[in-house]
Amino acid sequence: MVYMLLGTGFEETEAVAPIDLLRRAGVSVATVGIGGKVIVGSHGIPVTADMELGQMDLTQLDMIVLPGGMKGVASIKGCPEALEAVQFAWENGRFVAAICAAPFILGELDLLEGRHATCFPGFEKSFPEGAYTGEKVTQDGNIITASGMAQSLPFALELLRTIAGDKAVEKVAEGIQL
């Protein structure tokens with residue numbers, strides 16, 4: 001199961017593009033609302049989450065994904081239960097993915113020590129020295145990061161490759177004329 005955390009003010013494209021591509025490939029994805037089921041994104045688009053944060057079954061977790069959006073990232077950072085879910089994923093060898101400003105949280109949680117990651121320029125301040133790659137998408141072991149909204153599709157395809165393999169990526173890429 002892939003859990004996509006949605007906090008008020010999340011960047012809509014950074015969440016919906018990965019959800020869409022993963023679901024096209026048959027990957028189980030659940031959107032998880034922080035503070036309710038209807039979460040309004042950074043551009044005023046309301047999204048009805050599949051579940052609220054307390055309903056996640058972490059024993060079923062394969063990957064946790066954090067979209068960016070300044071207020072959405074602040075929502076995640078300000079929610080101990082959300083941070084505990086990210087920490088659980090990390091400690092149990094699950095995949096942890098974040099895009100745009102959200103990799104900042106991974107740095108804050110000390111998950112990037114000895115790792116490489118990327119983010120929207122300026123948010124690497126929480127990264128340990130030498131961790132920031134400046135690349136569009138970076139995967140280092142079970143950490144997958146991307147730099148911003150324009151990388152939502154490449155990020156989504158990297159998530160899909162990680163969960164379902166190259167054939168799934170090829171099929172989805174062909175289906176969307178990428």
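## Asp50 and its partner

Let's start with Asp50, which counts as partly exposed at 39% relative accessibility. This is a predicted model, and in it the side chain of Asp50 meets that of Arg23 in a salt bridge, 2.8 Å from N to O. Arg23 is partly exposed as well, with a relative accessible area of 40%.

What makes this pair worth a look is where its two ends sit. Asp50 belongs to the loop between strand E4 (46-48) and strand E5 (51-52), while Arg23 is in helix H1, so the bridge links distant parts of the chain, 27 residues apart.

## Other salt bridges

How many salt bridges turn up in the whole structure? A full search finds 5. Side chains of opposite charge can pair when their charged atoms come close.

Helix H1 (residues 12-24) holds one of them within its own length: Asp20 and Arg24 both lie there, 4 residues apart, or about one turn of the helix. The closest N and O atoms of Asp20 and Arg24 are 2.3 Å apart. Asp20 is partly exposed at 30% relative accessible area, whereas Arg24 is exposed at 52%.

Helix H5 (residues 152-164) has a pair of its own, with Glu158 and Arg161 sitting 3 residues apart, again about one turn. Here the closest N and O atoms are 3.5 Å apart. Glu158 is buried, with a relative accessible area of 18%, and Arg161 is partly exposed at 35%. Add Asp166 and you get a network: Glu158, Arg161 and Asp166 are linked by salt bridges.

## The sheet

Now for the strands. Which order do they take in the sheet? Seven strands line up as E5-E2-E1-E6-E7-E9-E8, forming an open sheet with mixed pairing. E5 and strand E8 (137-140) stand at the edges with a single partner strand each, so one side of each has no neighbour in the sheet.

Further in, E1 and E2 pair in the parallel sense over 5 bridges. If you want a spot to look at, find Leu5, which stands opposite Val32 in E2.

## Two nonpolar cores

Leu5 shows up again in the largest nonpolar core, which has 32 residues; Leu5, Ile64, Leu66 and Leu106 have the most contacts inside it. Strands and helices both feed this core: those giving two or more residues are strands E1 (2-6), E2 (29-33), E6 (63-66) and E7 (95-99), along with helices H2 (70-77), H3 (80-91) and H4 (103-108). Which element gives the most? H3 does, with 5 residues. Apart from this core lies another, of 27 residues, including Met4, Phe10, Ile19 and Leu21. In soluble globular proteins, nonpolar side chains tend to be buried together.

Leu106 is a good place to see the contacts up close. Leaving aside residues up to four places away in sequence, Leu106 touches Leu66, Val86, Val96, Ala98, Leu111, Leu112, Ile143 and Thr145.

## Thr145, a buried threonine

Thr145, one of the residues that Leu106 touches, lies in strand E9 (residues 143-146). Is Thr145 buried or exposed? With a relative accessible area of 0%, Thr145 is buried.

What does its side chain reach? The side chain of Thr145 comes to 2.8 Å from the backbone nitrogen of Thr118. Beyond four places away in sequence, Thr145 touches Ala98, Pro103, Leu106, Ala117, Thr118, Lys136, Val137, Thr138 and Phe155.

Key: Residues are numbered from 1 along each chain as its sequence is written. This is a predicted model: local features need pLDDT of at least 70, side-chain atom pairs count only at pLDDT 80 or more; totals for chains, interfaces and linings use all residues. Side-chain values use heavy atoms; hydrogens and water are left out. A nonpolar core is a set of buried Ala, Val, Leu, Ile, Met, Phe, Trp, Tyr and Cys residues joined through side-chain atoms within 4.5 Å. Buried means under 20% relative accessible area, exposed over 50%, partly exposed in between (1.4 Å probe, protein chains only). Contact means heavy atoms within 4.5 Å. A salt bridge is a side-chain nitrogen of Lys or Arg within 4 Å of a carboxyl oxygen of Asp or Glu. A polar contact is a pair of N or O atoms within 3.5 Å; within protein, one must be able to donate a hydrogen and the other to accept it, and residues adjacent in sequence count only if both atoms are side-chain atoms. Two strands pair if DSSP finds at least two bridges between them.
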